[in-house]
Amino acid sequence: LVVDDDLTTRTILSRMLKKDGWNVKKAQNGKIAIDKIIANKPELILLDLMMPVMDGFEFIKIVKRKASWKNIPIIVITSKDLTESDYYFLSEKVESVIQKGKYTRKDLIKKIVTTIKESDLKIYIKGR
């Protein structure tokens, strides 16, 4: 699930992922993304932080509170200058933070694959 208010970013990320064989859903803010998760729980969320209606921080709080969603890995892709408290919050809740424009397609796909593999391993170990 790609969650970003910028149409160009959503389109680019979606195309990159589809080219690599992923089924991609898109949402332009956190509120719409919540509806998408209710309809079809994703394997991974790529999330912008600065969005109207519901920003990424509020979205993360909601997702991590719900037992059936809290293990969905989240990779934040943002252009926001993060504060120390932002980093602290994110380090506790998401798998990775990437600055917009500072990654290649190959880097992003590698990060996604690694995150999903690590997440599946964590779920498997917890499920024993």
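In this predicted model, the lining of the largest pocket consists of ten nonpolar, two polar and four charged residues. The space within that pocket amounts to about 290 Å³. Beyond the pocket, this briefing addresses two helix pairs, α2 with α3 and α3 with α4.

**Largest pocket**

- The lining comprises 16 residues, and those nearest the centre of the pocket are Leu 1, Asn 23, Pro 42, Glu 43 and Leu 44.
- Two elements, β3 (45-47) and α5 (105-126), each give two or more residues to this lining.

**Packing of α2 with α3**

- Helix α2 spans residues 30-39 and helix α3 spans residues 56-65; their axes come within 9 Å and cross at roughly 25°.
- Because angles under 35 degrees count as roughly parallel, α2 is roughly parallel to α3.
- The crossing in which α2 passes α3 is right-handed.
- On the α2 side, the contact is made by Gly 30, Ala 33, Ile 34 and Ile 37, while α3 brings Phe 59, Ile 62 and Val 63.
- Sorted by class, the contact of α2 with α3 holds six nonpolar residues, one polar residue and no charged residues.

**Packing of α3 with α4**

- Helix α4 covers residues 84-93 and packs with α3 at an angle of about 30°, the two axes lying 11 Å apart.
- The two helices are therefore roughly parallel to each other.
- The crossing of α3 and α4 is left-handed, whereas that of α2 and α3 is right-handed.
- From α3, the residues Phe 57, Ile 60, Lys 61 and Lys 64 make the contact, and from α4, Asp 86, Phe 89, Leu 90 and Lys 93 do so.
- The contact of α3 with α4 divides into four nonpolar and four charged residues, with no polar ones; the contact of α2 with α3, by contrast, has no charged residues.

Definitions and conventions: Residues are numbered from 1 along each chain as its sequence is written. This is a predicted model: local features need pLDDT of at least 70, side-chain atom pairs count only at pLDDT 80 or more; totals for chains, interfaces and linings use all residues. Side-chain values use heavy atoms; hydrogens and water are left out. On a 1 Å grid over the protein atoms alone, a cavity is a set of points where a 1.4 Å probe fits but cannot get out, and a pocket is an open set with protein on both sides within 12 Å along at least five of seven lines; lining residues have an atom within 4 Å of a point. Grid points are joined across faces, edges and corners, and a volume is the space filled by probe spheres set on the points. Helices (H or I, at least four residues) and strands (E, at least two) are DSSP runs, numbered from the N terminus. Ala, Val, Leu, Ile, Met, Phe, Trp, Tyr, Cys and Pro count as nonpolar, Asp, Glu, Lys and Arg as charged, and the others, Gly among them, as polar. Axes are lines fitted to C-alpha atoms, for helices over the stretch in contact, and angles run from 0 to 180 degrees between N-to-C directions. Angles under 35 degrees count as roughly parallel, over 145 as roughly antiparallel, 65 to 115 as roughly perpendicular and the rest as oblique. A crossing is left-handed if the near helix is turned anticlockwise from the far one by less than a right angle, and right-handed if clockwise. Contact means heavy atoms within 4.5 Å.
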